[in-house]
Amino acid sequence: MAKKQKSLCRNGVHFGTNFPHNDEVIPYLEEHGNLPFELMPFQEEVIKSFADEFRVGIYADVGTGKTIMAIALHKYKRASRGSRALVIMPPILLHQWAATLRKTGEDSIVIYAGTPAQRKALSLDAEWILVGMEIFKLDFERIYTELDPHRLTVIVDEEEKKKNP
């Protein structure tokens with residue numbers, strides 16, 4: 001029988017309690033993460049809990065720092081696994097995400113947007129690929145073919161905005 005996962009909620013962040021903590025994550029991020037501010041204790045707990053997990057969902061209240069937690073988690077995963085990030089979001093957030101990434105020292109960013117011809121001309125050779133949900137659906141074949149799905153961190157922002165066709 002499968003062990004039932006317990007749920008824990010702290011500061012509006014829900015996460016499972018059966019994940020081991022990776023105590024190397026926070027010292028690594030403090031030295032190499034170039035985060036624009038100090039992480040809150042509950043953010044550190046979430047990051048340590050999920051650092052070594054293959055699939056993670058951070059379902060947190062507005063203002064709890066989901067974006068910075070996702071960025072921090074990926075920075076660690078990139079260092080430990082060599083993965084790149086594909087961030088899928090409402091198009092209105094593309095430039096906000098890019099600005100936040102630049103504040104954390106990231107400069108290998110592609111905003112995958114524009115007309116079909118403009119998108120075709122874009123290289124996906126970047127550490128961070130930012131894409132709107134509709135364009136992701138339209139160009140899924142190209143994205144899947146050009147990005148190694150086994151070495152990719154996929155982040156979906158504003159998941160509650162997504163709906164089935």
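1. Let me start in the sheet, with strand β4. β4 covers residues 84–89 and is joined to β7 by five bridges, the two strands running parallel. One pair to look up in the viewer is Ile88, whose bridge partner in β7 is Val156. Please keep in mind throughout that this is a predicted model.

2. β4 also pairs with β6, again in the parallel sense and over five bridges. Here Ala85 stands opposite Trp128 in β6. Trp128 turns up again on the β5 side, as the bridge partner of Ile109. β5 and β6 run parallel and are joined by four bridges.

3. Put together, these pairings give an open sheet of four strands, ordered β5-β6-β4-β7, with parallel pairing. The edges are β5 (109–112) and β7 (152–156), each of which pairs on one side only. Neighbouring strands of the sheet are turned by 15° against each other on average, if direction is ignored. As background, strands of a sheet pair through backbone hydrogen bonds, either parallel or antiparallel.

4. How much of β6 is buried? Five of its five residues are, so β6 is largely enclosed by the rest of the structure. Trp128, Leu130 and Gly132 point one way from the strand, while Ile129 and Val131 point the other way. That fits the general picture, in which the side chains of a regular strand alternate between the two faces of the sheet.

5. Ile111 is a nice residue to click on next. Ile111 sits in strand β5, and it counts as partly exposed because its relative accessibility is 23%; the cut-off for buried is under 20%. Beyond its neighbours within four places in sequence, Ile111 is in contact with Leu94, His95, Ala98, Leu122 and Leu130. The C-alpha atoms of Ile111 and Ile129 are separated by 6.1 Å, with these positions 18 residues apart along the chain counted as their spacing.

6. Which helix lies across the strands of this sheet? Helix α4 (residues 94–103) does, lying across β4, β5, β6 and β7. Against β6 (128–132), α4 runs at about 160°.

7. Another piece of packing worth a look involves helix α1 (residues 25–32) and helix α3 (residues 66–81). Their axes come within 10 Å and cross at roughly 95°. Angles of 65 to 115 degrees count as roughly perpendicular, and α1 and α3 are therefore roughly perpendicular to each other. On the α1 side, the residues that meet α3 are Val25, Tyr28 and Leu29. Their counterparts in α3 are Ala72, Lys75, Tyr76 and Ala79. By class, this contact has six nonpolar residues, no polar ones and one charged residue.

8. Finally, the overall picture. The protein has seven helices and seven strands, and along the sequence they follow the pattern β-β-α-α-β-α-β-α-β-α-β-α-α-β. Of its 165 residues, 42% count as buried. Among contacts between residues at least 6 apart in sequence, 64% join residues at least 24 apart. The accessible surface comes to about 10100 Å², and 53% of that belongs to carbon and sulfur atoms.

Notes:
Residues are numbered from 1 along each chain as its sequence is written. This is a predicted model: local features need pLDDT of at least 70, side-chain atom pairs count only at pLDDT 80 or more; totals for chains, interfaces and linings use all residues. Side-chain values use heavy atoms; hydrogens and water are left out. Axes are lines fitted to C-alpha atoms, for helices over the stretch in contact, and angles run from 0 to 180 degrees between N-to-C directions. Angles under 35 degrees count as roughly parallel, over 145 as roughly antiparallel, 65 to 115 as roughly perpendicular and the rest as oblique. Contact means heavy atoms within 4.5 Å. Ala, Val, Leu, Ile, Met, Phe, Trp, Tyr, Cys and Pro count as nonpolar, Asp, Glu, Lys and Arg as charged, and the others, Gly among them, as polar. Two strands pair if DSSP finds at least two bridges between them. Buried means under 20% relative accessible area, exposed over 50%, partly exposed in between (1.4 Å probe, protein chains only). Accessible areas come from the Shrake-Rupley method with a 1.4 Å probe; for residues, only the protein chains shown count as cover.
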